[in-house]
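Grab a pencil and open the viewer. Let's work through some exercises together, one step at a time.

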Amino acid sequence: ALIDQVFMDCPWYGSRQMARHLQRMGHAVGRRRVRPVSNYGMARPFPPASDMMPVLEKGRSEPMSIVILGVDLGKNACSVVGVDAAGAVVLRRSMRRQTLIDYVAKLPSCVIAMEACCGAHHLGRLFAARGHEIRLMSPEYVRPYVKAQKNDDRDAEAIAEAASRPTMRFVDLKSEEQLDLQTLHRVRSRLVAERTSLINQARAILLERGMIFPAGRRKLEAGLDVLLADGADACLSPRMRQLVGELRAEWQVLDARIETLNGEFVETARHDETMRRLTSIPGIGVLNATALVAAVGNGSGFNKARDLGAWLGLVPRQYSTGGKARLFGITKRGNKYLRTLLIHGARAALPSLSQSDTPIGRWLKAMIERGVHRNVVVVALANKLARIAWAALRKDVRFEHSYPVAA
């Protein structure tokens, strides 16, 4: 009767004979000792799932001691891994975004770790409003903690483990105003790229017809206006003249949209005290000031001024070993858009600053006299401007030209 009860569900041929053989060998045959197999030779769960449901429901009803919740964000579904104080995984689930928000709302206060990617700041603000501690990390720093094969579950586990490291660098949670300002900069950058592509295409079309214009956007703009204002041109067919006119009209539309955004940045900087302090620094205008505030806020995420320059990728790349230092070009890490703005600002401010009788002017003049390449001087000045901007953000002071400058 016991054998019939154990092997009632098992379709494996010869199971009764095997049970009798095991009994003759002295083995105890019962529900938990014999593990039958399926027709395909794969082990089946035993005891049946119906017997395990009370145990699972009991485990679910007990409060889980989640200390760190690692979330791997996705467009629709998010993988979630929770670990306790000992670092053991106590939760593995895949949830949709709204389900994740509802789940976190019922969870006791803990650390919620995510990669600083699209949508992380929005969820971070929602979770922070419910009393949780938010830790955002660069995906570059999370990657070394991924074990074996990469998948969403392993990524969430790696995020939770990386967030527990005391030396991990975290990204500050951006406010809604910072994200709005940063979005305007991203839209402007796209419009400028579209305008540059359009200008290059117009130059190529005219070059094929033997028309060469001087370098520079303004000179090409004036040349196109003169070309379109004239009558029929032997170098251009009527259809090409119409096409060039359409490109010029599209160019004007892009100019108008870019100028509208520039005016919005000017109004924002005029009514913000922090941005007005930044614009007092030579080489940092309205675009640089608004982009800096949108990216770093008040600079509290950096302990030292040199950390901001390193985050922007304005410091030499290092590959040192055995006590022998090897330095290369700049790392070009971090915020590429902000680094580009700072370098352009430094390039524009270099001629006037290098001729001024100020500490920063004498520092620049000394590098130029030593024969340092101009591009190296520009990048060094951009790094210096970033460090001065950090000081202006953290100390709430305006830039003074008489301040001493470290070599």
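Below are five exercises on this predicted model, each with a worked solution.

**Exercise 1. Find out what the protein chain is built from, and what share of its residues is buried.**

Step 1: Start with the secondary structure. The protein chain has 16 helices and seven strands.

Step 2: Now look at burial. Of the 407 residues in the protein chain, 38% are buried.

Step 3: Turn to the outside. The accessible surface comes to about 24,100 Å², and carbon and sulfur atoms account for 54% of that.

Step 4: Check how the chain's contacts are spread along the sequence. Take the contacts between residues at least 6 apart in sequence: 54% of these join residues at least 24 apart.

**Exercise 2. Work out where confidence is lowest and where it is highest in the protein chain.**

Step 1: Get the overall picture. The mean pLDDT is 85, and 82% of the residues reach 70 or more.

Step 2: Go element by element. Helix α3 (residues 49-61) has the lowest confidence, with a mean of 39, while strand β4 (residues 111-115) has the highest, at 96.

Step 3: Mark the stretches to treat with care. Residues 1-13 have pLDDT below 50, and this stretch has 21 contacts in the model beyond near neighbours in sequence. Residues 31-63 are also below 50, with 27 such contacts.

**Exercise 3. Decide whether α12 is largely enclosed or not, and explain why.**

Step 1: Recall the cut-off: a residue is buried when its relative accessible area is under 20%.

Step 2: Count. Nine of the 11 residues of α12 are buried, so this helix is largely enclosed by the rest of the structure.

Step 3: Name some of them. The buried residues include N288, L292 and V296.

Step 4: See what surrounds the helix. The buried residues of α12 pack against α8 (176-208), α10 (238-270), α11 (273-279), α13 (305-311), α14 and α16 (374-395).

Step 5: Look just past the end. G297 follows α12, and its phi is positive, near 65°.

**Exercise 4. Describe the largest cavity and the largest pocket, and say what lines each.**

Step 1: Begin with the cavity. There is one cavity of 30 Å³ or more, and the largest cavity holds about 40 Å³ of space.

Step 2: List its lining: Q182, H185, R186, A291, A294, A295, N335, Y337 and L338. The elements giving two or more residues to this lining are α8, α12 (286-296) and α14.

Step 3: Sort that lining by class. You get five nonpolar, three polar and one charged residues.

Step 4: Move on to the pocket. The largest pocket holds about 1,200 Å³ of space. Its lining has 38 residues, and S138, F170, V171, F302 and W311 lie nearest its centre.

Step 5: Find the main contributor. α8 gives the most to the pocket lining, with four residues.

Step 6: Sort this lining too: 16 nonpolar, 14 polar and eight charged residues.

**Exercise 5. Where do A148 and K332 lie, and are they buried or exposed?**

Step 1: Place A148. You'll find A148 in the loop between α6 (139-142) and α7 (152-163). Its phi is near 55°, a positive value in a residue other than glycine.

Step 2: Place K332. This residue sits in the loop between β7 (327-330) and α14 (336-355). The phi of K332 is near 55°, again positive in a residue other than glycine.

Step 3: Apply the cut-off for exposed, which is over 50%. A148 has 73% relative accessibility, so it counts as exposed. K332 has a relative accessible area of 59%, so it is exposed too.

Technical notes. Residues are numbered from 1 along each chain as its sequence is written. This is a predicted model: local features need pLDDT of at least 70, side-chain atom pairs count only at pLDDT 80 or more; totals for chains, interfaces and linings use all residues. Side-chain values use heavy atoms; hydrogens and water are left out. Buried means under 20% relative accessible area, exposed over 50%, partly exposed in between (1.4 Å probe, protein chains only). Contact means heavy atoms within 4.5 Å. Accessible areas come from the Shrake-Rupley method with a 1.4 Å probe; for residues, only the protein chains shown count as cover. pLDDT is the predictor's confidence in each residue, from 0 to 100. On a 1 Å grid over the protein atoms alone, a cavity is a set of points where a 1.4 Å probe fits but cannot get out, and a pocket is an open set with protein on both sides within 12 Å along at least five of seven lines; lining residues have an atom within 4 Å of a point. Grid points are joined across faces, edges and corners, and a volume is the space filled by probe spheres set on the points. Ala, Val, Leu, Ile, Met, Phe, Trp, Tyr, Cys and Pro count as nonpolar, Asp, Glu, Lys and Arg as charged, and the others, Gly among them, as polar.
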